[in-house]
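This report looks at the pockets of one protein model and at one of its strands. The sequence and the structure come first.

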Amino acid sequence: MTPERKERLLSVINKRQANLTVVLENVEDPHNVSAVLRTCDAVGIQDVYVLTTKVPRHKRWGVKSSSSAAQWLTVHQFTDTNELAAALRAKYDKMYTTHLGDGAMSLYDIDFSGSVALVFGNEQTGVSAEIRALADGNFVIPMMGIIRSLNISVACAVSIYEAMRQKSLAGHYAAPSLPDAQRNGLLAEWGYKEDE
């Protein structure tokens with residue numbers, strides 16, 4: 001491994017955010033999933049959660065749309081809503097779903113300085129009532145046009161780039177945040193060797 005490659009891997013792992021994640025619930029199109037994974041990698045999200053209770057479990061992601069981002073991320077797949085919720089509650093303080101219902105807050109009112117999971121739902125039906133009932137609240141992306149929603153991969157990108165903006169201002173990218181065991185495990189998985 002070249003010194004430049006080692007430096008790049010260290011730079012990436014040191015900017016991964018342990019307290020931010022994306023959850024995809026029953027997203028059907030693998031290209032949408034792949035586009036989300038690519039954006040998660042871009043903003044420093046390491047762990048992504050995928051729930052499939054109404055669509056087949058994803059076996060592979062669209063390589064063209066993800067640019068192979070999946071190989072650099074930890075994708076946790078669930079087929080049980082309660083197991084997913086327990087895993088999220090064990091690691092993240094707040095869980096917000098995208099939903100146009102009454103009382104939904106603006107994306108820009110979410111405080112991303114804490115530990116946050118953002119849930120995005122199925123392309124046609126959105127986030128299920130079951131997941132919404134388990135969340136701390138719903139959020140919307142402010143829109144000025146006739147159409148009231150964005151493509152899921154676009155909505156996710158807009159949302160997590162706002163999270164990145166807030167986290168950058170708060171200095172979250174200035175120091176490593178992944179637990180040492182996870183950080184070291186990922187470096188080993190990526191082929192990084194300290195003595196090389």
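In the classes used here, Ala, Val, Leu, Ile, Met, Phe, Trp, Tyr, Cys and Pro count as nonpolar, Asp, Glu, Lys and Arg as charged, and the others, Gly among them, as polar. By these classes, the lining of the largest pocket holds 10 nonpolar, 10 polar and 3 charged residues. The model is a predicted one.

**Pockets**

The largest pocket has a volume of about 500 Å³. It is lined by 23 residues, and Thr98, Asn122, Gly126, Ser149 and Leu150 are the closest to its centre. Strand E7 (137–140) and helix H6 (152–169) each contribute at least two lining residues.

The second largest pocket has 16 lining residues, with Arg8, Ser11, Val12, Arg16 and Asp41 nearest its centre. Helix H1 (3–15), helix H2 (30–43) and H6 each give two or more residues to this lining. H1 gives the most, with 6 residues.

| Pocket | Volume | Lining by class |
|---|---|---|
| Largest | about 500 Å³ | 10 nonpolar, 10 polar, 3 charged residues |
| Second largest | about 330 Å³ | 8 nonpolar, 3 polar, 5 charged residues |

**Strand E1**

Strand E1 covers residues 20–25, and 6 of its 6 residues are buried, so the rest of the structure largely encloses the strand. Leu20, Val22 and Leu24 point one way, while Thr21, Val23 and Glu25 point the other way. In a regular strand, side chains alternate between the two faces of the sheet.

E1 runs parallel to strand E6 (residues 116–120), joined by 5 bridges; Val22 has Leu118 as its bridge partner there. E1 also pairs with strand E2 (residues 47–51) in the parallel sense over 4 bridges, and Leu24 stands opposite Val50. Together, E1, H2 and E2 form a right-handed β-α-β unit.

Definitions and conventions: Residues numbered from 1 in each chain as written. Predicted model: local features only at pLDDT ≥ 70, side-chain atom pairs only at ≥ 80, totals over all residues. Heavy atoms only, no water. 1 Å grid on protein atoms, 1.4 Å probe; cavity = no way out; pocket = protein on both sides within 12 Å on 5 of 7 lines; lining within 4 Å. Points joined across faces, edges and corners; volume = space filled by probe spheres on them. Buried < 20%, exposed > 50% of the residue type's maximum accessible area, 1.4 Å probe, protein only. Pairing = 2+ DSSP bridges. Right-handed = clockwise from strand over helix to strand, strands pointing away.
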